[in-house]
Amino acid sequence: MILSPAERAYLYESLVQKPAIRPGARSDHQFRPLEAKTGFLPNSNGSARIRLNDGSECIISVKSKVVVTRGESSLIEVDIDVPGFRDDSNFVSNLKFSLTNLLITKFPVEYLRLTSKYSFKLFIDCIVISHSSYPLSLISLTSYLALKTTRLPLLTSEVNDEEIEEQPTFSDDWDNAKYIHPTFQPPIFITLGVIGENLLFDPSIEEEQVLENGLILSFYKDKVITPIINMNLATNSNNSNFKGLNQKLIIQSINLCNKYCPAIIKALDTLIEQDDENDDTDNHIF
Amino acid sequence: MISQRKRLSSGLSVTSKVFVRSRNGKALKIVREHYLRNDIPCYSEACNKCHEIIKPDANGELPKFILSKDPNKLKDGSKHYIILDTNIILHTIDLLENIQCFYDVIIPQTVLEEVKNRSIPIYQRLRGLVKSEDKRFVVFHNEFNESTYINRLKNESINDRNDRAIRKVASWYNTHLNDNNNSHENIKIILLCNDKDNRLKANSEGINALSLLEYIDLLPNGEDLRDLIPADSNTFNDFNKDNETSFPEYYSDARIMAGIKNGTLYQGILNISQYNFLQGTVQVPAFKKPLLIIGSKNLNRAFNSDSVIVELLPKDKWREPSYTIIEETSLGADDNAEDADSIGDDDISGTNGVVSDKERLLLAQEAINATNAQSEERRLQPTAKIVGITRRSWRYYVGQIAPTSVIGEDSGNSSKSCFVILMDKLLPKIRIRTRKSKEYLGQRIVISVDSWPSNSRYPNGHFVRSLGEIESAEAETEALLLEHDVEYRPFAKNVLDCLPIEGDNWVVPDLKQTDDPQLKKRIDLRDKLVCSIDPPNCVDIDDALHAKRLSNGNYEVGVHIADVTHFVKPNTALDQEGASRGTSVYLVDKRIDMLPMLLGTNLCSLKPYVDRFAFSVIWELDEDANIINVNFMKSVIKSREAFSYERAQLRIDDKSQTDELTDSMRVLLKLSKKLKQQRLDAGALNLASPEVKVHMDSETSDPNEVEIKKLLETNSLVEEFMLLANISVARKIYDAYPQTAMLRRHAPPPATNFELLNEMLNARKPGMSISLESSKALADSLDRCEDPNDSYFNTLLRIMSTRCMMAAEYFPSGSFGYPEFKHYGLAVDIYTHFTSPIRRYCDVVAHRQLAGAIGYENLDLSHRDKNKMELIVKNINRRHRNAQFAGRASIEYYVGQVMRNNESVHEGYVIKCFNNGIVVLVPKFGIEGLIKLELLGDVNTADYNEDKFELKFTDLNGNKRIVGVFDKVLVDVKSVKDEISGKRKAQLLLK
């Protein structure tokens, strides 16, 4: 319980207003300000960190490995670590399942194919250093940045090994390593809070306490895709306001996301570009 | 991608490098921290600055300044240092070792590392040059030096980056030595580089960059050196234009690695057949029998003993091994000779169509069945083609210029191509360019192979030096040392520096008054009646013996071995030199020592009448020579007498001699006979090889007689006790170091080795056969194979059996299980070499291990590390084999010289039969020779009966003759010089 009954009532009243009055003066489709950094882990193929102004922080490292395609059930493996939660806790397994599921179903695996026999396998390791609100969209945005900046060693041997097997060999120059694909945009999750008739993007922890429902939408290639999940975002307290979801709001949320998410993606891409420009001057965040 | 430097402390900063390591199909991003320092000196004696910055190393020693203050001058009189680029070193290592040029040379670390990645042997030779200091080579660690380290630029290839680093070294040296370092006149810094582009860049940066040719021209003695410049890709352009032939390209590494992994390609060492240079075999673990490689297209530019990758050919191309003799020398006489490749080009192209890995695996399975199959299908052997070469066996080769390839009139100074026929007839001829081909005609010359492009029928090489007239003793001796890779150059200065400073005046120190704890551990055995028995005029006396009857009726017997390891301490230059030579090499007129003379013939040699350090093995033996007790100790002995085998024999036989020393020798003899009987009862083999000895006329040192070696009882006296010592030591060191003990094993011969011999026996000598169940059975069956009409037949069979045996080999005990330690020939369960440390490196290791085992001193790490032991063993096995071959070749040469003067008729035995010739062994000279069908009689009447191993033909006199294996024949032996190869060979003619 982080809010007193009076605070809860006040906050609830403000948020059901049309338009909603959000703490921090955000409009309903506005994200919390974030700070991001990419490509700072020297041993990783790709890395990213996002910090929010409330102190939430997530670091993701992507590493690659050459595997025989046939021997792998999936070319992407996600691992999430949240301090204070056991790895087998519902909280962590839910996060892990959501992210893994999204990436496995939507990730264009053909980008990882090296030859007819070999592929890259990606290991995505996330650490949520601290978080206040439900961290799935934080993790997902960080993974977007990390995957976007992931570079894979350049194959120098033959691509066609159907008939005569070849062992893949790679250029030794890291500078020759290629991004996964120039037009590749990893899928992301967006969290929406439902309160009255309002849909609030990226609810903060205080907002979560008074929401009537929560929605998680996935967004890929300029449109909302499945899965769309509804859940109680205030995982660490019981939410007395929680109630059923009006199905009209689902349609509305999809429309909203289709409208605003391209801007989020664009903002993230701009971040990467700016990071690239700064690359030469300072490569370290520590 | 290299991030910026960060200063850690004064003189040390750190940066990092990022790269991709792609090994075994993996791709790993690697990030390395890279430390830079400011205390790396320029190593020039002319420099005034560097003495202030240098710091002592971990041993407290300051770096040595090696580059001369007064370096060699160019033609124009300017002093210069040379900086070498990688491509120069890789191609001209011979020239770098030449004493006429290349002094004061700087090798940037970048270059050293590139050389190491490209060729380990050249890298080692380069390290040798740096180490010996004779030619003033230094390695400058530019990658660790703050002022010369450079970052890789964006999109810069690693080669470009390294070239830039090397240029940076050149410009750094130039400013470092010639600006504000004003106590000397300027020293020119010359960057040698064969890459035109790099030279252009260097010159634009103000660096003096030259190609090798330009540099040699600037040298005062440049004219003499020009021929030594190796061939590069441009040299032979005139040949390559017309594309004489085209060999298939080798597979890419990626394909080879995957192929080996999935079992469609195989790796092995190529062995060219002795009788047919267009046929080779590759022994691959997957198959019981070696794979056949037939024809030059399939051999695909591989040399004998290259490590190659092979791929099976389709089943319809599998063949029986050829029974025809083909020698390159006979083809080589005519340069336009068509390739005797019976397979033909169309065949090859047939296999170029895509065959999938699946089909190949099926093929491999069939090949396994075929090699395992018995009887009817057995003769069909799977064939293969070479698709890659993992390691070239290229080295220096000795040969001579083919006279037919030297064209017409001498047109001045322009260099001409000509062919060099190598002494090793298993190798193809080499194309070289020289201006002095006429001059070198009739001389033995050393050449080195540079490349074999796929469009050239012959490999390209370059002249290294001339050894002298063909058939002169010096040239031939040096040639055979080179051919067998025997290091015969005098010991380097840093090796000799490891010897005791007292030199010949060294004496055993006083045992009583000493502080040396090791000396105190030595046992004083100077009261024992020790003597040595060796061949006459022996100067390196490894071993001495003593025997004494004990009061309890048993005998005390001691074997004393020269204590070489007292002088040869591990990890010194002396030790490394010994380890790399591995063994002394004995030629007819020359001995190439493993250790410097001072040790071998004086300080270590157990000379009579003086005190010497020894490593002693002392047994208590009972009346039947059973071991009651054994002790090992480092000792001091004083030999009473050095006997030759003959003198020892005379003294023992002389009843009037009753002194203690003679008596003890009689005891030794008695015990040795018992030991020998025990050994023979256990199944020790008595094999034979046609060993001969050449008598030299001592005045002129011309060989004038050949004699078969004869053995005295005293030979076997010494031998038995040496065997006993070796066995006892082997047990002791195996006990102390179960993983790394230096041992020697002799594997039982596989049955397949004797298959052919038994088949021959079956066909030619019904009722005789050699059984292989055990060494005892083999020894007994050999004894039974007597031909009442021919007393030599048994010896002949022993000689032929010896050739079917496996070679004995050194190994660290961890490499095999105990049952496989067995020495088949000696019929003992464990064996090592301990008794000749002056001339064998194995014994040196065994000495150190024994010293460690008895707690005399700590054993060096290199003899306790299994991997290091594997390396040592691999080298000494190879050296040992080479030394044997060199010794045999030396005898062969001298036998040839003896025969030159006396042509005569001798008895010989047919030991091999082909469909176009026979091989005859002449026991009197221990030589064997091939008699080709043309010389036997009418080629058209010949009929080879494979089952009976006999050849029917009409001889030159019109008589019908049948000659088969084991037949005794009369042959006319004379020595002829082969004009093409320059080799003197025994020419045999059937009478």
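1. A quick word on terms to start: buried means under 20% relative accessible area, exposed over 50%, and partly exposed in between (1.4 Å probe, protein chains only). By that measure Cys42(B) is buried, with a relative accessible area of 0%, and Cys913(B) counts as buried at 8%.

2. Please keep in mind that this is a predicted model, where local features need pLDDT of at least 70 and side-chain atom pairs count only at pLDDT 80 or more, while totals for chains, interfaces and linings use all residues. Residues are numbered from 1 along each chain as its sequence is written, chains are lettered from A in the order in which they are written, and side-chain values use heavy atoms, leaving out hydrogens and water.

3. On cysteines: the structure holds 0 disulfides over all chains (a disulfide is a pair of cysteine sulfur atoms within 2.5 Å). For Cys42(B), the nearest cysteine sulfur is that of Cys50(B), 3.6 Å away.

4. Aromatic pairs number 30 over all chains; ring centres must lie within 6.5 Å, with planes under 30 degrees apart counted as stacked, over 60 as edge-to-face and the rest as tilted, using the six-membered ring for Trp. Phe140(B) and Tyr173(B) are edge-to-face because their centres are 5.2 Å apart and their planes at 70 degrees. Phe140(B) is buried at 0%, and Tyr173(B) is buried at 0% as well.

5. Another edge-to-face pair is Tyr734(B) with Phe821(B), 5.1 Å centre to centre and 80 degrees between the planes. Here Tyr734(B) is partly exposed at 23%, whereas Phe821(B) is buried at 1%.
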